[in-house]
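Reader: I should like to learn how to read the features of a model such as this one. Could we go through them one at a time?

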Amino acid sequence: MLQLSAAQPHALHDVAATRALEAAAAASLPAHTLMRRAGAATARLALALAPHARQIWIACGGGNNGGDGLEAAARLQQAGKAVSVTWLGDPSTTPADARAAWQRALAAGVPFTPGPPADLGPHDLCIDALLGIGLRATSQRGAAHELRALLAALHASPATLLAVDLPSGLDADTGQYAPGFAPDAPSRAARHTLSLLTLKPGLFTGQGRDACGSVWLDDLGCGALAPAATAQLGTQQQADGRQAQRHASHKGSFGDVAVIGGEGLSARGMGMTGAAWLAASAALHGGAGRVMVALLDEGTTLAPPWPELMLRRVHALDWPQLTAVCGCGGGEAVRAVLPEVLARAARLVLDADGLNAVAGDSALAAALRARADAGLSTILTPHPLEAARLLHCTTAEVQADRLAAARALAERHACTVVLKGSGSVTATAGERTIVNFTGNARLATGGTGDVLAGLIGARLAAGLSPHAAASSAVQAHGAAADQWPAHQALTASALAAALQ
Ligand SMILES: NC(=O)C1=CN([C@@H]2O[C@H](COP(=O)(O)OP(=O)(O)OC[C@H]3O[C@@H](n4cnc5c(N)ncnc54)[C@H](O)[C@@H]3O)[C@@H](O)[C@H]2O)[C@@H](O)CC1
Ligand SMILES: Nc1ncnc2c1ncn2[C@@H]1O[C@H](COP(=O)(O)OP(=O)(O)O)[C@@H](O)[C@H]1O
Ligand SMILES: [K+]
């Protein structure tokens, strides 16, 4: 068993791949072995997480996820713990593995109760074994009502919560709760999730991170049988320009980045040059050799805020030599320069208003699509609303399956896509989709997306492939936020300066 960290990448398997592994493993092992291992792992982690628990309450559903809970109950009872179980199963209809686990729990003397003990406290433990990967979108009314009442009791309890396989009601593929399963309020108690056999993508994106808390993995001794990963959590640390530095380097060795954006105040009364400066600062701190800024401000800015930056006009950019980061604070003004940017930039990171312009203009969309045919590389960095505009759907539809949305955009525009938000997803056709495991809600502050775009630009300019540049920059950007001092406000400009 291991506790997940961002230190190394991990394979992710969706429900179909996990079911295939489960079938292969079950066929090669004596009956009930997998569930016994699952129950043993759950009991082991329960004892480690709450060694001083006075009581352990286990809520078990009628399927095999409930069977894991019953198996754990038997073991915890045998270990001398005060356990109680609420089981929604029916011995005449429950699956064979779960029925065997129920019999073992009965034989061990586990008490069965209709609900949780009244006096569960913060040092106690609740185990959520109601629903695993067998979640269906709709169900029989009666069962659902009882199950939801138990789930509400788990969510409301002050005791530490350990979810078996995944938090009940969370879709393991998408990281979204099925309707009616999301907690009413953020949990006050510590949360842990013990993922069994495989890690599923939904644990790490969308609502998954909040639902799971700390994630643990036990492959039940079946790791060698695992099929090919369907996605990947995190990526290898990539050397940025500076780390790759050789003595004979010069400033041209690490690539030029040109930030194109920052609509001026005079255009529409909304000055957005700050977004361009943030992206430029991130590119500088991210290791770019030289950083130029082409502001869309009608020439009103005469000097950059830092002397390392160089001001340029769009028409004066040396396109074949540089990596363009276009759209940050671009407002309406970015539309006018996009035809040239899309046609000429050898490497391009398209962000924010650059994406909005493409979403609303089929000629620009065609020009974007033509880049791949011309051998030009492109990375799009939409947040969910921008992705929805590009896909002509709603934000809720994007969030309903973030991996699918990122893949669809990558396919449609023949480029790399970073779908931002909790558990950012990097997708490129023909590459393994990467779900990011760093970052936190402190990044939900203005300008951090501009910082990310600039950092991706620096990595692309340093020679990484679009997929590697995007996924490694997303990881480093999140890691900088994770390392942020707790007592210090996270601002986008300080984040840019802290990039490594
Ligand atoms: N069979 C095996 O070999 C193994 C199974 N494992 C466990 O088994 C789980 C999968 O078991 P199952 O396939 O039985 O599925 P689950 O136990 O996850 O879910 C099925 C049960 O939930 C109910 N249900 C489904 N959707 C519902 C909804 N929307 N509202 C209310 N009730 C709903 C069903 O009626 C059924 O009782 C895994 O997540 C894992 O915990 C592990 O023990 C590993 C080995
Ligand atoms: N809750 C969160 N957890 C992790 N990362 C987040 C969260 N909220 C925002 N982020 C990250 O912060 C950045 C915000 O980008 P964006 O929405 O474009 O903001 P802005 O336009 O203000 O720069 C993205 O990298 C996104 O992934
Ligand atoms: K569960």
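**Reading the model feature by feature**

Author: Ala414 sits in the loop that joins α14 (402–413) to β16 (416–419), and we should keep in mind throughout that this is a predicted model. The phi of Ala414 is near 50 degrees, a positive value in a residue other than glycine.

Reader: Is Ala414 buried or exposed, and how is that decided?

Author: One counts C-beta atoms around the residue's own: 20 or more others within 10 Å make it buried, 12 or fewer make it exposed, and anything in between makes it partly exposed. Ala414 has 15 C-beta neighbours inside 10 Å and therefore counts as partly exposed.

Reader: Where does Ala352 lie, and what is its phi?

Author: Ala352 belongs to helix α10 (residues 352–359), and although it is not a glycine, it has a positive phi of about 45 degrees. Ala352 counts as buried because it has 25 C-beta neighbours inside 10 Å.

Reader: How does one check the length of a helix, for instance that of α3?

Author: The expected span is 1.5 Å times one less than the number of residues. For the 15 residues of α3 this gives 21 Å, and the end C-alpha atoms are 21 Å apart, which agrees. Of those 15 residues, 14 are buried, so that α3 is mostly covered, and it is followed by Gly80, whose phi is positive, near 90 degrees. Helix α11 (residues 362–373) can be treated in the same manner: its twelve residues should span 16 Å, and its end C-alpha atoms are 17 Å apart, which agrees. Just after α11, Gly375 takes a positive phi of about 75 degrees.

Reader: Which residues carry the UniProt feature "binding site"?

Author: The UniProt record, an unreviewed entry, places that feature at Asn65, Asp128 and Ser168. They span 104 residues in sequence, yet no two of their C-alpha atoms are more than 9.3 Å apart, so they gather at one spot.

Reader: What surrounds Asn65 and Asp128, leaving aside residues up to four places away in sequence?

Author: Asn65 is found in helix α3 (residues 64–78) and counts as buried, with 25 C-beta neighbours inside 10 Å; among the residues it touches are Ala129, Leu130, Gly132 and Val164. Asp128 is found in strand β5 (residues 125–129) and is likewise buried, having 29 other C-beta atoms within 10 Å. The contacts of Asp128 include Ala59, Leu161, Val164 and Ser168, the last of which is also named in the UniProt feature.

Reader: How is the chain divided into domains, and how many residues of each are in contact?

Author: Domain 1 covers 2–231 and domain 2 covers 251–498, with their C-alpha centres 40 Å apart. Between them, 13 residues of domain 1 are in contact with 14 residues of domain 2. By class, the side of domain 1 that touches domain 2 has six nonpolar, six polar and one charged residues.

Reader: Finally, which residues come nearest to ligand 2, and which helix gives the most to its shell?

Author: Of the 18 residues around ligand 2, Lys420, Gly439, Leu443, Ala444 and Gly449 come nearest, while helix α15 (residues 448–461) gives the most to the shell, with four residues. Sorted by class, that shell has five nonpolar, eleven polar and two charged residues.

Methods:
Residues numbered from 1 in each chain as written. Chains lettered and ligands numbered in written order. Predicted model: local features only at pLDDT ≥ 70, side-chain atom pairs only at ≥ 80, totals over all residues. Near = placed C-beta within 6 Å. Helix = DSSP H or I, 4+ residues; strand = E, 2+ residues; numbered from the N terminus. Nonpolar A, V, L, I, M, F, W, Y, C, P; charged D, E, K, R; others polar. Domains from an automatic or database assignment. Contact = placed C-beta atoms within 7 Å. UniProt positions renumbered as here; feature names shortened; annotations may be inferred.
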